[in-house]
Amino acid sequence: MKKIVSVFLLSLLIPASGAAAVRLASVFGDRMVLQRNVRVPVWGTGQKGEKITVMIAGQTKAAVADDAGKWMVHLDPMKEGGPHVLAAAGRDTVRIADILVGEVWLCSGQSNMALAVEKAANAEKEIASADYPAIRLFTVKRTVADTPEQSCSGEWLVCDSSSVRSFSAAAYFFGRTLHRDLRVPVGLVHSAYGGTPAEAWMSAHALDADTAFGSIRERWKENLLDYPAKKKQFDAVRDSLTKQWNEASERAVREGKAAPARPQEPLGPGNRSTPSGLYNGMIAPIVPFAFKGVIWYQGEANAGRALQYRRLFPALIRDWRTQWNEDLPFYYVQLPNLDRQPEPSKSGWAELREAQLMTLALPGTAMAVTIDIGDPTNLHPQNKQDVGVRLALLAEGLLYGIAKKECQSPIYRSSAIEGSRVRIRFANAAGLHARETKDAKNGTTMSGASPAVTGFAIAGADKVFVPAQAAIDGGDAIVWSDEVKTPVSVRYAWADNPSCNLVNESGLPASPFRTDEWTSVTLKQTSGAAGTRATANTPEASAAGLRTFIRDPRELERVRASMRSGSNDYQAIVKALRREAEKALTVRPVSVMQKEMVPPSGSKHDYMSMGKYWWPDPAKKDGLPYIRRDGEINPESKKLPDHDLLAAMIKTVSTLSYASYYLGGEQYADRAALLVRTWFLDTSTRMNPNLAYAQAVPGIDEVRGYGIIDAHALCELIDALGLLAESPSFTPADRSGVKRWFTEYLRWLRESRDGMKEAGAPNNHGTWYDVQVASIAMYVGDAGLARAVLADSRLRRIASQIEPDGTQPRELARTRSLGYTLMNLKAFTTLALLGERAGVDLWHYETTDGRSIRKAFDYMLPYIRGEKKWERQQIGEAKWSDLYLPLLDASRAFNDPVYTEAASKLPDAAKLSQYSRLFTTIHP
């Protein structure tokens with residue numbers, strides 16, 4: 001009998017005539033599942049004006065193909081069951097068979113949704129037991145498109161040990177739970193793509209409808225413009241980057257930390273981050289297929305722009321509901337724990353989780369909290385079973401009405417200050433208690449008859465958070481600390497990888513939250529993934545366009561707000577800045593064309609300087625080749641002024657940029673833009689993007705590399721350019737042109753013999769080389785390169801140059817031992833600040849034998865305070881002022897006032913303190 005039925009079904013699949021003109025949309029096929037109890041749209045193509053009749057399960061619907069050959073019918077609601085055969089007939093007929101009716105869900109997002117069952121926990125056991133003929137799986141082929149596609153590639157498969165292997169693990173475990181509990185067929189449409197930002201999944205209309213997303217489009221256009229040069233650069237260093245990544249990954253494994261992001265090709269045409277690209281290629285072709293709802297696992301690629309995600313994610317949900325229906329349930333996964341950054345107050349992931357939490361304000365949404373089931377060392381935790389189950393629990397409790405206990409995690413609702421304590425009220429808090437759990441960092445089990453609540457921190461008006469105690473009071477938590485007598489804010493699980501254990505009666509963990517609205521880490525990071533990579537924390541443009549990489553854009557915004565409020569603290573620096581800016585307005589543009597000598601290349605456009613410590617050899621008649629007298633400046637070097645001109649240009653542009661940003665007045669930005677154009681863009685005056693003849697030495701023709709340090713102040717210029725982004729005087733053409741210049745210069749730094757030699761320098765030259773490469777890489781949008789350089793600098797620079805006692809022996813051995821020690825410490829500080837922007841913590845990095853940036857600072861403290869006298873050789877005066885801001889930065893990073901106090905002991909501390917007000921709110 002089975003054989004007769006099979007033959008009959010096969011005969012139905014054979015078209016009545018040759019190549020059928022009638023076509024069903026690509027998401028319809030054999031073995032599919034249709035959504036029960038709703039009107040189901042069925043659509044496809046035929047010949048213009050052709051009548052199409054659709055038949056299934058005793059019902060018949062008809063439509064006429066429009067001028068474009070498109071047609072659609074709506075089936076009457078059907079009960080669960082099957083199998084059925086569907087036929088669409090016109091001049092010819094197409095048939096699909098083995099159709100079930102049940103629950104159908106769209107499963108989308110990035111890599112954690114895409115992660116296959118074969119890579120999940122207990123994979124082989126799960127695969128072997130995957131015998132569910134009533135679960136059907138459809139995977140949309142990964143496709144990026146510039147315009148909405150009409151069809152996609154994919155095939156409906158019966159769930160078994162073969163088909164489930166490569167299918168989404170989170171989706172499968174979700175569907176399996178529903179199938180077991182509802183006892184109906186389940187269809188899962190998996191449309192996910194790893195490493196993708198939310199804007200890639202949104203329609204062009206949705207992005208264009210909100211002016212807040214304009215920066216996403218703008219940045220993408222810049223990426224397309226810069227792509228050819230970046231691609232060439234990447235291809236040239238692909239092997240070396242891969243090698244660095246392999247080494248860094250091995251170190252991360254040894255240290256029990258998350259591996260760094262794999263080097264990625266630059267963003268360009270067809271890239272998965274293309275705004276609307278995945279919507280066009282992977283969502284549009286399945287609209288308006290009937291789904292019960294959506295499960296979504298994404299956010300990692302937007303973690304550097306959490307503030308923007310507050311608006312972007314809800315816009316995505318509304319966009320999809322416009323395509324399907326306004327009541328489409330949308331259930332999503334909150335990002336799990338991951339050991340990315342140990343400083344809790346700097347957690348971009350905590351802020352992304354907060355943006356996801358805030359999205360619950362949209363009706364028909366729910367969130368699966370996974371803060372307790374991530375893998376601290378793996379961006380893609382293998383435990384997708386619990387992820388799927390928690391998503392299914394939401395659906396069962398909110399849609400299907402079969403949950404017996406809380407189906408949602410405890411969610412922060414409100415807070416009330418009660419004396420020195422704070423009462424936190426939760427929703428979904430039945431049976432609230434502290435659960436025995438494993439510490440997220442060391443895996444040890446916290447045990448006891450009544451475990452203490454962990455994960456809370458509390459702060460007063462000073463915004464300094466300290467660990468807090470907590471007690472459960474019904475469905476509330478009472479939070480306090482003896483160190484904070486007048487509390488203002490409470491935070492819970494506010495870190496990348498928090499240790500926390502608050503759960504409800506269903507064992508579901510409480511969502512991380514904060515009660516304050518203090519300035520966010522990601523406040524200025526709103527430009528869009530068009531300029532960043534998936535796990536980048538690179539700072540992006542705010543709505544105003546500010547992008548800074550060394551100085552914290554949040555701090556600059558706070559300073560400006562205080563300055564413009566008329567605060568007395570800033571009166572002196574406002575006057576000084578205005579005075580200096582007015583002087584800067586009179587500075588004429590300078591360029592490399594002003595030098596009298598012509599470089600060996602024959603072009604004055606090539607930068608050229610002379611090594612200032614090199615003198616004629618008295619033992620040689622012609623004095624050649626010159627010999628080095630460290631610390632003694634040869635006045636001949638002044639005959640090649642490019643070094644001084646470059647330094648003066650950077651200082652002037654920086655002054656004008658800060659004046660424009662803080663004081664207002666377009667004249668400052670206009671002058672700064674002119675100076676920048678003259679040096680970098682004007683074809684008659686521009687500098688070629690190389691330093692091939694920097695610090696040339698008469699009589700020595702070999703590659704030196706040391707001249708690259710001539711341009712170490714370029715990183716400060718990059719911040720100044722970020723301040724100019726607010727100004728119309730610095731036009732989009734200017735911004736693109738300067739970025740192209742820096743892209744080419746970065747290529748030269750990394751590929752030239754000079755650059756490779758300087759990269760290997762074992763002292764401050766090597767450190768400042770890393771500063772240049774990392775800061776420029778961030779500026780031009782290559783966040784992956786920046787992170788790789790910064791991560792590698794832990795061993796290449798910190799571990800190799802700083803001793804366990806904090807000394808820097810390679811600098812101490814020189815004739816300007818103090819000057820170079822200070823200079824290198826400033827370079828280490830700059831790397832650490834860049835690391836904050838890129839998500840690489842250098843402040844707290846320490847080798848097993850105690851080498852660290854903090855040790856280098858501590859070594860200098862007695863000399864700064866005057867408790868010790870510098871006994872080593874030091875030709876000339878040391879520039880102590882270079883250490884003022886680094887000390888304030890260290891005080892903030894280490895949360896230790898000893899460094900702020902030390903800064904107050906430096907020469908000219910009062911003047912420096914006023915100057916520092918331009919960059920930070922921390923003052924001695």
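How many of the 22 residues of helix α21 are buried? In this predicted model, where local features need pLDDT of at least 70 and side-chain atom pairs count only at pLDDT 80 or more, totals for chains, interfaces and linings use all residues. Residues are numbered from 1 along each chain as its sequence is written, and side-chain values use heavy atoms, with hydrogens and water left out. The answer for α21 is 20 of 22, buried being under 20% relative accessible area with a 1.4 Å probe and protein chains only.

**Helix α21**
- Helix α21 (a DSSP run of H or I, at least four residues, numbered from the N terminus) covers residues 817-838 and spans 31 Å from first to last C-alpha, close to the 32 Å expected at 1.5 Å a residue, where the expected span is 1.5 Å times one less than the number of residues.
- Gly-839, which follows α21, has a positive phi near 85°.

**Packing against α22**
- Helix α22 (residues 853-865) packs with α21 at an angle of about 145°, the axes being 10 Å apart; axes are lines fitted to C-alpha atoms over the stretch in contact, and angles run from 0 to 180 degrees between N-to-C directions.
- The contact (heavy atoms within 4.5 Å) involves residues including Leu-825 and Phe-828 of α21 and Phe-857 and Met-860 of α22.

**Nonpolar cores**
- The largest nonpolar core (buried Ala, Val, Leu, Ile, Met, Phe, Trp, Tyr and Cys residues joined through side-chain atoms within 4.5 Å) has 121 residues, and Met-860 and Tyr-745 are among those with the most contacts inside it.
- Helix α13 (residues 642-663) gives the most to this core, with eleven residues.
- A second, separate core of 102 residues includes Trp-43 and Trp-349.

Note on methods
Helix = DSSP H or I, 4+ residues; strand = E, 2+ residues; numbered from the N terminus. Buried < 20%, exposed > 50% of the residue type's maximum accessible area, 1.4 Å probe, protein only.
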